[in-house]
Amino acid sequence: MVAKRPQAGIIGGFDSVSPIFEKDELMHLSTYFGNLEAAPSLKNDASEAISAAVGHFQSRVRKVNISVRDVNGPKGGEDLCCRCVVHLKRMTPIVIEETGANVRSLINRVADRVSYTLSQKVDRVKQSSRSKKTRKRFAETSLVTKLN
């Protein structure tokens, strides 16, 4: 049996898929609130928090998926789970998952972690490309000195 994807605009379905435009780049942001009834202000806050978290790296981000769901139903406690998947251009995706009791603080924590992880990953890639260029220059200069 094949599971059906939820329909847009229905509670338990994808609440919004919004393209975010900045610097002529396009990034798609989708939010999904599972079996929770999310107010439009909460959806906007989630979109704004994640957009701010990845804003500096907009040119490297293709798509962001945020899903918030109630893990153990009406039992109470820390039962909300927020998962954010950031799909990057020419890099592996970043997946951040947090659990908590308050939706807004949960989304803000995930946004902070996304921002930190994304900056670490981009710095690592930049550092790696710099060291490759340095090794290449060193090899070229040592080759020239051997020939002379």
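The exercises below, each followed by a worked solution, concern a predicted model of a protein chain.

**Exercise 1. Find which elements make up the protein chain, and in what order they run.**

Begin by counting: the protein chain has 2 helices and 5 strands. Next, place them in order from the N terminus, which gives β-β-α-β-β-β-α. Finally, ask how far apart in sequence the touching residues are: among contacts with a separation of 6 or more, 46% join residues that lie 24 or more positions apart.

**Exercise 2. Work out where the pLDDT of the model is low and where it is high.**

Start with the average, which is a pLDDT of 76 for the protein chain, with 67% of the residues scoring at least 70. Then go through the elements: strand β1, residues 14-22, has the lowest mean pLDDT, 48, whereas β5 has the highest, 93. Two stretches deserve a separate look. Residues 1-15 have a pLDDT below 50, and in the model this stretch makes 25 contacts beyond near neighbours in sequence. Residues 20-24 also have a pLDDT below 50, and there the number of such contacts is 9.

**Exercise 3. Describe the largest nonpolar core and say which element gives the most to it.**

First consider burial as a whole: of the 148 residues in the protein chain, 36% count as buried. The largest nonpolar core holds 32 residues, and Phe 33, Val 64 and Ile 107 are those with the most contacts inside it. Now trace the core back to the elements: β2 (25-32), α1 (40-54), β3 (61-70), β4 (80-88), β5 (94-100) and α2 (103-147) each give two or more residues. The element that gives the most is α2, with 8 residues. As a last step, turn to the outside, where the accessible surface of the protein chain comes to about 9800 Å² and 53% of that surface belongs to carbon and sulfur atoms.

**Exercise 4. Decide how β4 and β5 are arranged, and which residues of β5 lie on its covered face.**

Look at the pairing to begin with: β4 and β5 run antiparallel and are joined by 7 bridges. The two strands form a hairpin with 5 residues between them, and in the turn Arg 90 has a positive phi of about 60°. For the faces, recall that side chains in a regular strand alternate between the two faces of the sheet. In β5, the covered face carries Ile 94, Ile 96, Glu 98 and Gly 100, while Val 95, Glu 97 and Thr 99 belong to the uncovered face. One of the residues on the covered face, Glu 98, stands opposite Cys 82.

**Exercise 5. Explain why Cys 82 forms no bond with the closest cysteine sulfur.**

The count for the structure is 0 disulfides. Cys 81 is in none, and the nearest cysteine sulfur, in Cys 82, is 7.3 Å away from its own. For Cys 82, the closest cysteine sulfur is that of Cys 84, and because the distance is 6.7 Å, the two are too far apart for a bond. Are these cysteines buried or exposed? Cys 81 is buried, with a relative accessible area of 3%, and Cys 82 is buried too, at 1%.

**Exercise 6. Locate Asp 79 and list what it touches.**

Asp 79 lies in the loop between β3 and β4, and with a relative accessible area of 8% this residue is buried. Leaving aside residues up to four places away in sequence, Asp 79 touches Arg 69, Asp 70, Val 71, Asn 72, Gly 73 and Gly 100. Take Arg 69 as an example: Asp 79 and Arg 69 are 10 residues apart in sequence, and their C-alpha atoms are 8.4 Å apart in space.

Terms used:
Residues are numbered from 1 along each chain as its sequence is written. This is a predicted model: local features need pLDDT of at least 70, side-chain atom pairs count only at pLDDT 80 or more; totals for chains, interfaces and linings use all residues. Side-chain values use heavy atoms; hydrogens and water are left out. A disulfide is a pair of cysteine sulfur atoms within 2.5 Å. Buried means under 20% relative accessible area, exposed over 50%, partly exposed in between (1.4 Å probe, protein chains only). Helices (H or I, at least four residues) and strands (E, at least two) are DSSP runs, numbered from the N terminus. Contact means heavy atoms within 4.5 Å. Accessible areas come from the Shrake-Rupley method with a 1.4 Å probe; for residues, only the protein chains shown count as cover. A nonpolar core is a set of buried Ala, Val, Leu, Ile, Met, Phe, Trp, Tyr and Cys residues joined through side-chain atoms within 4.5 Å. pLDDT is the predictor's confidence in each residue, from 0 to 100. Two strands pair if DSSP finds at least two bridges between them.
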